[in-house]
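Visitor: I am new to protein models. Could you show me one and help me read it?

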Amino acid sequence: MSGVAAAAAAAARCSAARMTPAILGPCDPAPFAPISLAKALSSIAHSTACSAAAAAAAAEPEPSDVSSQLLSILASPNWQRNPWLKRLVASITPSHVSSVLASNLDPRTALGFFNWISQRPGFSHNVRSYSALLAVLIPNKFFGVAEKLRIAMIKCCGSVDDARFALEFLSRMSGEGDLRFKLTVRCYNTLLMALAKFLLIDEMKNVYIEMLDLKVLPNIYTFNTMVNAYCKLANLVEAEIYVRKILEAGLSPDTYTYTSLILGHCRKKDVNGAYKIFVQMPQKGCARNEVSYTILIHGLCEARRVDEALKLFSQMGQDNCSASVRTYTVLICGLCDLGRISEAMDLFTEMPERGCEPNLHTYTVIIDSFCKNNKISEARKLLDELSDKGLVPSVVTYNALINGYCKEGKIGAAFDILGLMESKKCSPDTRTYNELIDYFCKNKDVHQAMALFNKMTERNLPPSIVTYNSLIHGQCRLGELDNAHRLLKMMEESGLAPDVWSYSPIMDTLCKRLRIKEAFALLDSLHEKGIKANEVIYTSLIDGCCASGQLVDARRVLERMLLEDCKPNSFTYNALIDGLCKEKRTQEALMMLKNMLNLDLKPMVYTYTILIKRMLAEGDFDHADKLLDEMVSLGYQPDLFTYTSFIYAYCSQCRLYEAENLISKMRREKIEPDSVPYTYLIDAYGRLGLLHLSFDVLKRMFDSGCVPSHHTYALLLQHFLDENRVKGENLAIRSNVLTSNISAIDKADVWRIVDFGTVLKFFDKMLEHGCAPNVNTYVKIIIGLCKVGRLKVAVGIVNHMRERGMNPDEKTYNALVCCCCEKGEFREAKKMTEAMIEHGHLPRLESSKLLICGLYDQEDDEEAEHFFRSLLVCGYNHDELAWKLLVDGLLKKGFVTRCSDLLQVMERKGCQLHPQTYTLLIEGLDGTWKEYSCIGGKKNNWKLLRNTALCNRITIGRMIDK
């Protein structure tokens, strides 16, 4: 078998595999179309009965009206004058052309029609229409025009499939039969370049071997194409073989050859080797061109050697080379990557002055850099500028802006960009949605993220490993470990393999919840899966062991980490130092700090802060001050947490003057205090009976834009309640109390005591001190009351809030709904949720689960279903809705019939569920049945949902099989 034939055979097999009807993956929408539960069994039976007829119908191809009409028109000698032809032009596609040319058309008519249609505006031939014409011309000996056409066919290859199709078709010309037409060296070279474009290196090698077998002598273009292809893959060994072949053929390497070798060294991260070849080029008699310069400049920039790249850029004129748009863009990108934006902008401004207009790529690089450096307004102006210049922004340009707005927390502006790109007919890609999903997950708004996940599947955009990892991280941040594991399963079923970052948030959540045994089991399972745990996984586990007082286990994890050749980092040692400090083993913690230094690990400000905090807790201010001085001498500046540790210690010792001085020092050093140090001051003044000074601190918070926390208001309310009771108490006694035990931040008792009238008086007191209660004030107080079940008072505060023209936010509504559910006020909870939805807020599914289960508990089925229907139009991810409400809610509570009813509601509404969700329903039913059967429950309801769910799953399976 010849080289082209061998390559073509492999390509044909690959192509055939592509053309086989694909097995639909779990993210393809078609197989997920839910099947009505009432009709599930009958649907399966009906599909079986009709399968033969459907197969027969599918086997009969639909007649092409356009092709038939074209054939009829072309049968006439004067076909170009036929008025019907003009009417058909807009409908003609390359597929129609191929069909017509395959119908035994006269070669001259075929060629005339082919040329005529190619001149129509908006029409372009593809490899198949070219091949169809060649199949007509070659048997009829039209070799001259056939040579030009097959070159044109190769050049029009726009994809891997096109290139492989052209390769397979040309292989037939090298064999026997009607299509025999020996390939010329030019044709071979063009084919090699087409294959190189898609890095089809094995096919290229086979084509080259065939050239030799058929005695077609390779020329410099042949060799250069082979050299360049291998250099693109950084395979310099193979590239050098073809360089030697150039010399063996009596030819000389040229500028293209050496430029390719420069590229190969750069791709191999060997910039010095690339530079050596660059220097040798004039010595070899080869002129350097702008491509040679640009490739080497790019290599230097990739190696972060931008100053050398700039020097090389300045020398281009010595070789009579002018910088191209590509040269400028590469340099601008290199400067931006190093944060040297002003220099990048200087080059950007210089481009038009040198007659080199920036292109879309140049603008996108600058826009991306602006967005990464918090210059989003400048980036937005550049978007308008490039549009004004007639350039069309790409999805990459828009994604850079969306990412920038998300990082700044301006999600509304990010969605405005999404709307703009869609209005410009630029379709979002997976990266677009990943940026938005990541934003919502980081902000604990995972329901919105899951809703966007829905949108992706609706648009047939394949979720990437980044998509799933963001969602897993988001679910873990809410403590939804079950949902995180469900996403892992969906990820695997979609053909993506979870990586170490998929498991990192799960490990972190387990450890923060002190579920250490499960965390160790997860670590072992990673080893079984062939996933090497990284420093993040190990550090989370060490931190969890330390937090649960298991320091021996923490050290064992460190030993295991070292055995697994995973180098601990500063965070790892911080976790160990913090664990030792919590156990009051300060000297061991200091030794651990020395171990860090011995391992060339740089301590962080946080490392010193942990130790300082421990020393301050022991009342050892002298050693804490010395450690602070040591930290500063090493070049570390105290941060917010360092200062806060000192402020807490000063407040606990009644040294408020020093605490206040530290607050002032922070402000001078541009370190803005958050609510914590202010709250320590408020509590300290309150315990001294200086409530007016506590409120003065609150006023300072308001003035500086610092948002008081739930604890801030809890402590202020406590001291406000105590004000009358503490009058007359001896200040010295109070000072001793303060010194011995500064009040704990958690003040739940306050919320159990305070009444509506007291809160209103508290608001008046705030006003006296110039602190008008705002939305945050109301929200923190309402949530505090809801946490201890004070629903009536909380509702009163909500009404008061609304009277002042303010509306509750999403967190407030969710707190109220949970409080209603805990008190059994389910109808009131439903009203709250409906009001929430009306104001554009999404109810948390956890509170919705409590509400639906509560309504069913009270046998209020109609209200429960009505509420469930209202959730279906809120844009939730359908799978997440089923997980939380049906699987985790109703099935775990034993409401099987109700679960069946709501599943039917979802199906009737057209909600598409993943097969994994049906599997969860079946597994949930199995577990519920086993538990229920132990107490003699009836089987009918369980069998109903289990069988209907199975019917859905079986039907989906059959659709996948087909």
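What follows is a short conversation about this model.

Visitor: How many residues in the protein chain reach a pLDDT of 70 or more?
Guide: Welcome! This is a predicted model, in which local features need pLDDT of at least 70 and side-chain atom pairs count only at pLDDT 80 or more, while totals for chains, interfaces and linings use all residues. Residues are numbered from 1 along each chain as its sequence is written, and side-chain values use heavy atoms, with hydrogens and water left out. pLDDT is the predictor's confidence in each residue, from 0 to 100. The chain has a mean pLDDT of 85, and the share of its residues reaching 70 or more is 87%.

Visitor: Where does pLDDT stay under 50?
Guide: Where pLDDT is low, the predicted coordinates should not be read in detail. One such stretch has 34 contacts beyond four places in sequence, a contact being heavy atoms within 4.5 Å. Another has 15 contacts of that kind. These stretches are residues 728–746 and residues 953–962.

Visitor: Which helix gives the largest share of the largest nonpolar core?
Guide: A nonpolar core is a set of buried Ala, Val, Leu, Ile, Met, Phe, Trp, Tyr and Cys residues joined through side-chain atoms within 4.5 Å. Here the largest one has 296 residues, and Ile 297, Phe 762, Phe 868 and Leu 886 touch the most other members. Helices are DSSP runs (H or I, at least four residues), numbered from the N terminus. The largest share of this core, eight residues, comes from residues 878–893, helix H50.

Visitor: Is Val 127 buried or exposed?
Guide: Val 127 is found in helix H7. Beyond four places in sequence, Val 127 touches Met 153, Cys 156, Cys 157, Asp 162 and Phe 165. Buried means under 20% relative accessible area, exposed over 50%, and partly exposed in between (1.4 Å probe, protein chains only). With a relative accessible area of 0%, Val 127 is buried.

Visitor: How many residues of helix H12 are buried?
Guide: Helix H12 takes in residues 220–232. What covers its buried residues includes helix H10 (185–197), helix H11 (201–213), helix H13 (236–248) and H14. Among the buried residues is Cys 231, which has 0% relative accessibility. The count for H12 is 11 of its 13 residues.

Visitor: Which residue's side-chain oxygen reaches the backbone nitrogen of Tyr 221?
Guide: Look at the start of H12 for this one. The oxygen comes to within 3.1 Å of that nitrogen. The side chain belongs to Asn 219.

Visitor: Why is there no bond between the sulfurs of Cys 157 and Cys 156?
Guide: A disulfide is a covalent bond between the sulfur atoms of two cysteines. In this model a disulfide is a pair of cysteine sulfur atoms within 2.5 Å, and the structure holds zero of them. Cys 157 is buried, at 4% relative accessibility. Its closest cysteine sulfur, in Cys 156, is too far for a bond, because the separation is 5.6 Å.

Visitor: What is the phi of Lys 141?
Guide: Most residues other than glycine have a negative phi. Lys 141 takes a positive value, and this residue sits in the loop between helix H7 (127–137) and helix H8 (143–155). Lys 141 is exposed, at 61% relative accessible area. Its phi is near 65°.

Visitor: Which loop holds Lys 269?
Guide: Lys 269 also has a positive phi, near 65°. This residue counts as exposed, at 66% relative accessibility. Its loop lies between helix H14 (255–267) and helix H15 (271–283).

How values were computed: Helix = DSSP H or I, 4+ residues; strand = E, 2+ residues; numbered from the N terminus. Expected span 1.5 Å × (residues − 1). Polar contact = N/O pair within 3.5 Å; in protein donor to acceptor, adjacent residues only side chain to side chain.
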